[in-house]
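Let's take a walk through a protein together, one piece at a time. Have the sequence and the 3D view ready, and turn the view as you read.

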Amino acid sequence: MERRTETDGLGTEGRDILALERRGFSGPGAKERAIREELDLSPVRYYQLLNALLDDPRALAHDPVTVNRLRRVREARRGERQ
């Protein structure tokens, strides 16, 4: 069961994912390695959870800068595919 310790209602896993997204990574594979080692998630599952977080108002309230940046990136990629 996920513990919720902050008043924003965002669980520990969500906060950890957003914290990882705020970091910069050097070199190929560094982010995927951090996802596996620090969060114990596969990269595919990580990106599924991250995508869901971008639509969660609790995530936006917790870290608006990161969420808005990632939303812009997501929208730009969607635009490229069309």
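In this predicted model, start with the helices α1 and α3, which pack at an angle of about 100° with their axes 10 Å apart. Angles of 65 to 115 degrees count as roughly perpendicular, so α1 is roughly perpendicular to α3. On the α1 side, the contact is made by Glu13, Gly14, Ile17, Leu18, Leu20 and Glu21. On the α3 side, the residues are Tyr46, Leu49, Leu50 and Leu53. Sorted by class, this contact has seven nonpolar, one polar and two charged residues.

Those two numbers, an angle and a distance, will come back. Two packed helices are described by the angle between their axes and the distance between the axes.

Now step back to see the whole protein. There are five helices and zero strands, so from the N terminus on, the elements run α-α-α-α-α. Taken along the principal axes, the C-alpha atoms fill a box of roughly 40 × 25 × 20 Å. The protein has 82 residues, and 35% of them count as buried. Chain positions that are far apart in sequence also meet: among the contacts with a separation of 6 or more, 41% are between residues 24 or more positions apart.

Let's return to α1, which covers residues 12-22. Which residues of α1 are buried? They are Gly14, Arg15, Ile17, Leu18, Leu20 and Glu21. Notice that this list includes the charged residues Arg15 and Glu21. The buried residues of α1 pack against α2, α3, α4 and α5. A general point helps when you look at any such helix. An α-helix has 3.6 residues a turn, so residues three or four places apart point the same way.

One of these buried residues, Ile17, deserves a closer look. Leaving aside neighbours within four places in sequence, Ile17 is in contact with Leu39, Tyr46, Leu49, Leu50 and Leu53. Ile17 also belongs to the largest nonpolar core, which has 16 residues. Within this core, Ile17 and Tyr46 touch the most other members. Which helices supply at least two residues each to the core? They are α1, α2 (30-39), α3 and α5. Helix α3 gives the most, with five residues. There is a general pattern to keep in mind here. In soluble globular proteins, nonpolar side chains tend to be buried together.

Next, follow α3 over to α5. The axes of α3 (residues 43-54) and α5 come within 10 Å and cross at roughly 105°. These two helices are therefore roughly perpendicular to each other. Leu50, Asn51 and Leu54 of α3 make the contact with Val67, Leu70, Arg71 and Arg74 of α5. By class, the residues of this contact divide into four nonpolar, one polar and two charged.

Helix α5 also packs with α1, at an angle of about 70° and with the axes 10 Å apart. That makes α1 roughly perpendicular to α5. Here Leu18, Glu21 and Arg22 in α1 meet Thr66, Val67, Arg69 and Leu70 in α5. This contact divides into three nonpolar, one polar and three charged residues.

Just before α5 you will find Asp63, in the loop between α4 (57-62) and α5 (64-81). Is Asp63 buried or exposed? Its relative accessible area is 8%, and buried means under 20%, so Asp63 is buried. The side chain of Asp63 makes a polar contact with the side chain of Thr66, at 2.9 Å. Not counting residues up to four places away in sequence, Asp63 touches Leu18 and Arg22.

The next residue, Pro64, is found in helix α5. At 38% relative accessibility, Pro64 counts as partly exposed. The C-alpha atoms of Pro64 and Leu54 are separated by 9.9 Å, and the two residues are ten apart along the chain.

For a last stop, look at Asp40, in the loop between α2 and α3. Asp40 has a positive phi of about 55°, although it is not a glycine. Is Asp40 buried or exposed? With a relative accessible area of 69%, Asp40 is exposed, whereas Asp63 is buried.

Notes
Residues are numbered from 1 along each chain as its sequence is written. This is a predicted model: local features need pLDDT of at least 70, side-chain atom pairs count only at pLDDT 80 or more; totals for chains, interfaces and linings use all residues. Side-chain values use heavy atoms; hydrogens and water are left out. Helices (H or I, at least four residues) and strands (E, at least two) are DSSP runs, numbered from the N terminus. Buried means under 20% relative accessible area, exposed over 50%, partly exposed in between (1.4 Å probe, protein chains only). A polar contact is a pair of N or O atoms within 3.5 Å; within protein, one must be able to donate a hydrogen and the other to accept it, and residues adjacent in sequence count only if both atoms are side-chain atoms. Contact means heavy atoms within 4.5 Å. Axes are lines fitted to C-alpha atoms, for helices over the stretch in contact, and angles run from 0 to 180 degrees between N-to-C directions. Angles under 35 degrees count as roughly parallel, over 145 as roughly antiparallel, 65 to 115 as roughly perpendicular and the rest as oblique. A nonpolar core is a set of buried Ala, Val, Leu, Ile, Met, Phe, Trp, Tyr and Cys residues joined through side-chain atoms within 4.5 Å.
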